[in-house]
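Here's a quick briefing for anyone meeting this structure for the first time. Have a look at the sequence and the model, then read on.

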Amino acid sequence: MKLAVVPVVLLFLAVAPRASAVITLGKSTQNFTLTGIGPNAQGQGQSKMSWGACVFDGTTTTCTLSGSYTGLGPGGSYAFIVSYSGNGPFPLNAINQPGSDLFFAQAVSNYDFVITLTPITGAQISFYSFANFNFLYSGPTCTGVPATSCSLSQVGATANATITGPITGSFNPAPTISPSGVISAGNYGGFPDIAPGTWVEIYGFNLANVRSQTWGGGDFVGNQAPSALGGTTVTVAGKAAYVDFVSPGQVNVQVPSGIPSGTQSVIVTTAGGSSLAYPIKVNTVEPGLLAPPAFIINGSQHVAALFSNTLTFVLPVAVSGVSTSRARAGDSITLYGIGFGTVTPDIPAGQIVDKLNQLQPNFQITFAGVSANVTYKGLAPNFVGLYQFNVTVPKVTPSDTVPVAYTLDGVPGPQNLVIAIQN
């Protein structure tokens, strides 16, 4: 079943063998070359880098560095593939600390980078993250420097020096969650704590082995959302989360129901292995109303409120791509949120909502301190994990920045929001 979409109201919004995720790379089948261009402003060595087997097809140059690997399943061969438009200079530089034979790559122009592993047995695996691998020279030859031996730092520090030779190294394709890399959905507050059934964004490296993928109708089984997408799965407190979007740098999931409060672990798993457990605090609720950065006007964060026609947002000025208008007392408007808690009848996380329901915690909302009548509060029909609040605008002093505040069981919501109301 395809997930329904309200205009502009967006939520962001098979596991491979669990062998060691650290791969040892053998010698490359093509030579890798660094040419010295002198130290950069930080005193680190910086060199132009290139490798063999480059092919220009009249539009794009594709360069491949390949060799053998061990350490993941039965082993096999790897290919590091860089492609870029035109046939100009190679789009990467190498940066290394003085005295080290290890380096990392720095982009100097746009390029696509793919790491492909071809196991001795089994399907080919591609990684689209440019992270977590190290190169090490093995028996290089060096020209252009007055030294009996050379290192990457000498090449980086010496203009026009060249070092060429086969390489060894290691590559860790296991997912890595960045520090402070798990938050509730950014358009709904982006809080560092989460709650059962809420939506979270996970940031890091190697989080998926596909460029990007968003769930579609074919990923659902009846009303049930997928717990795996593009080969990526996520667990929260050991329970499978529902995966809406995956890419190497970001994964969006809905937290499963029944997660205990307190510090719990988030783990991302791909064909390359599993991330280290990311500790995060789980609360019973972690409410946030939809208020995207695009709705920050003159420094004030406007809540995303739709008129009953579901086409026009309550805003004082035009915003690209949407219809806008100020509200009046008596207007019925709809707000959306995440993390507001359980409903009656119970609808577990991961299900498309197919019936009306009522939020169990007591939700109240005020405009400039005046209570508003809430005619519906519960999970939004035809969505997954999205709350809907139908509210009648009370009579208040007109302003483009009328404060909007809400409480849940008497606890104030954490957001500072405003709304535009006219006579």
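Let's start with a pair of strands: β17 and β21 (residues 242-246) run antiparallel and are joined by two bridges. Keep in mind that this is a predicted model. The mean pLDDT of the protein chain is 88, and 90% of its residues reach 70 or more. One stretch to treat with care is residues 1-20, where the pLDDT is below 50, although the model gives this stretch 59 contacts beyond near neighbours in sequence.

**The five-stranded sheet**
- Within that first pair, Thr214 has Phe245 of β21 as its bridge partner.
- Both strands belong to an open sheet of five, ordered β15-β16-β22-β21-β17, with antiparallel pairing.
- At the edges sit β15 (176-184) and β17 (213-214), each of which pairs on one side only.

**The largest nonpolar core**
- As a rule, nonpolar side chains in soluble globular proteins tend to be buried together.
- Here, the largest nonpolar core has 46 residues, and the members that touch the most others are Ile202, Val234, Val251, Val253 and Val266.
- Several elements give two or more residues to this core, among them β15, β16 (199-205), β21 and β22 (250-254).
- Others that contribute in this way include β19 (232-236), β23 (262-270), β25 (278-282) and β32.
- What does Val234 touch, leaving aside neighbours within four places in sequence? Its contacts include Ile202, Val251, Val253 and Val266, and Lys239, Ala240, Ala241, Ile267 and Val268 are also in contact with Val234.

**Strands β39 and β41**
- Strand β39 (residues 399-408) pairs with β41 in the antiparallel sense, over four bridges.
- One of the matched pairs is Ser399 with Ile421, the latter in β41.
- Is β41 (residues 417-421) mostly covered or mostly open? It's mostly covered, with five of its five residues buried.
- In a regular strand, side chains alternate between the two faces of the sheet.
- You can follow that in β41: Leu417, Ile419 and Ile421 point one way, while Val418 and Ala420 point the other way, and all are buried.

**The disulfide**
- The structure has one disulfide, and it links Cys54 and Cys63, with the sulfur atoms 2.0 Å apart.
- Why is this disulfide called right-handed? Because the torsion about the S-S bond of Cys54 and Cys63 is about 115°.
- The two cysteines sit in unlike surroundings: Cys63 is buried, because its relative accessible area of 0% is under 20%.
- Cys54 has a relative accessible area of 41%, so it counts as partly exposed.

**The salt bridges**
- There are two salt bridges in the structure.
- In one, Asp400 meets Arg326, with the closest N and O atoms 2.7 Å apart.
- This pair links distant parts of the chain: Asp400 lies in strand β39 and Arg326 in the loop between β31 (323-325) and β32 (332-338), 74 residues apart.
- Asp400 counts as partly exposed at 30% relative accessibility, and Arg326 is partly exposed with a relative accessible area of 30%.
- In another, Lys355 pairs with Asp354, and the closest N and O atoms are 3.6 Å apart.
- Is Asp354 buried or exposed? Asp354 is exposed, because its relative accessible area of 55% is over 50%.
- Lys355, at 35% relative accessibility, counts as partly exposed.

Technical notes
Residues numbered from 1 in each chain as written. Predicted model: local features only at pLDDT ≥ 70, side-chain atom pairs only at ≥ 80, totals over all residues. Heavy atoms only, no water. Buried < 20%, exposed > 50% of the residue type's maximum accessible area, 1.4 Å probe, protein only. Pairing = 2+ DSSP bridges. Disulfide = S-S within 2.5 Å. Salt bridge = Lys/Arg side-chain N within 4 Å of Asp/Glu carboxyl O. pLDDT = per-residue confidence, 0-100. Contact = heavy atoms within 4.5 Å. Core = buried A, V, L, I, M, F, W, Y, C linked by side-chain atoms within 4.5 Å.
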